[in-house]
Amino acid sequence: MSLLLEARALQKNYGRITALADVSLNLRPREILAIVGESGSGKTTLLNVLAGRIAPDAGEVFYNGAPLSALGELKLRKLQRSRWGFIQQDPRAALRLDVSAGGNIGERLMAAGARHYGEIRATARQWLNAVEIDPERLDDMPKFFSGGMLQRLQIAATLVTEPEIVFMDEPTGGLDVSVQAKILDLIRGLVRRLGLAVVLVTHDIGVARLLADRLIVMRHGRIVETGLTDQVLDDPHHEYTQLLVSSVLPA
Amino acid sequence: MMMLAASGLEKTFSLHLQGGTRLDVLRGAGLGVRAGECVALSGPSGAGKSTLLRALYGNYLVDRGEILVRHAGELVDLVTAPAETVMEIRRETLGYVSQFLRAIPRVSALDVVAGVPECRDAAAKILRRLGIGEKLHALPPATFSGGEQQRVNLARAFIRDWPVLLLDEPTASLDAENRDIVIRLMQEAKAKGAALVGIFHDAFVRDAIADRTLTLEPVRQN
């Protein structure tokens, strides 16, 4: 199977701080790749570079074999609005809180080329239903939604164009555990049903174990260990991975 | 036909958090299993039975040796195969029954076993056979008893015919009646040509299902 996304020798510095050092990875169609590591390990920077939101100082990201840097601003934006999706930890930063729930979903559809008002509304309804929000809330403003509902709305507003790759930055961070379980279950189901490829950043080992096929462990901007998720978590080789795994409180 | 052939397996655990302690667990371990055959792993606690079984699944990474699995007609070395090949082998060829079920929040017993909605009928059937009544099918197994969880775990494996099936104490938390059902399931799998490798502490189960026993000895630590 061909590579959907490939990163080669990525480098990124913020002043004297190294955020990414010689990071290479690849992603295949329908594969779920988790990036774990503590705060400051460079995992969010890596996600942003992979998603074309930050340019690396050196190295290159390839999408279907073509370098992102050669794509041009316009084509990259178009890609990010339709074939790719990005789910942020804080849905308030991604959604427009004073535009209706349906409007938030419809906006991305329209950016991807949809024009028929009735169809857009119908699709938005279907997606509210898919993320377990009462479709009757189509015209409600998200500013009245709970944190869990907002996150589900962001998921709907991202997946509505049925993207090929979805980048997720701590999608369950900051939510109650009961809400977290619901979101995880939702993501798990949708990812399988739609055959999405996912790059998921998380500091939660349990989330990685539940969702990911493969795992990348980062520290100080470098990949210290990578492999099948269960293999890395059950037989961690690097000192830092062993610390990470042994630091989890058993439920 | 040889389905699984492992040889020269070496595994040392380096415990960085315990002052770099090194544990040599496997030194030259190996086994071969043909279609329709069952090999039991035995030996004292600490001899590396679970380590070997996990290595055969690619869950533990061996330092040396090869693990050949017959996958889609070819012998593939699990040790050197790329991650996507290992995932494919685990999807199609190589099954594993762990000692404990890892329950997923909110997912019903039926869906844990079925995996995909199309397999729900088959899941209901195998759950019933393992004595998990209809009433429990819609519930997430997190609240089930140890024995019930283990039977859900077994149903997940026996819902399909794996060419190679690895079993870690499959009957440990079961009563005699359920143990006998599991023995029958394993016998049926063998009759259909599956190659089985298992750890069975219960001598009754081992005698009923194993054709051969591979005895492991603890490796002397330096």
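Visitor: Which elements of chain A have the lowest and the highest mean pLDDT?

Guide: pLDDT is the predictor's confidence in each residue, from 0 to 100. Helices (H or I, at least four residues) and strands (E, at least two) are DSSP runs, numbered from the N terminus. In chain A, helix α7 (residues 177-194) has the lowest mean pLDDT, 86, and strand β4 (residues 58-63) the highest, 98. Where pLDDT is low, the predicted coordinates should not be read in detail.

Visitor: What should I know about the source and the numbering?

Guide: This is a predicted model, in which local features need pLDDT of at least 70 and side-chain atom pairs count only at pLDDT 80 or more, while totals for chains, interfaces and linings use all residues. Residues are numbered from 1 along each chain as its sequence is written, chains are lettered from A and ligands numbered from 1 in the order in which they are written, and side-chain values use heavy atoms, leaving out hydrogens and water.

Visitor: What is the mean pLDDT of each chain?

Guide: Chain A averages 93, with 98% of the residues scoring at least 70. Chain B has a mean of 95, and 100% of its residues reach 70 or more. The model scores ipTM 0.93 and pTM 0.93.

Visitor: How many helices and strands does chain A have?

Guide: Chain A has 10 helices and 10 strands.

Visitor: What share of chain A is buried?

Guide: Buried means under 20% relative accessible area, exposed over 50%, partly exposed in between (1.4 Å probe, protein chains only). Of the 251 residues of chain A, 52% are buried.
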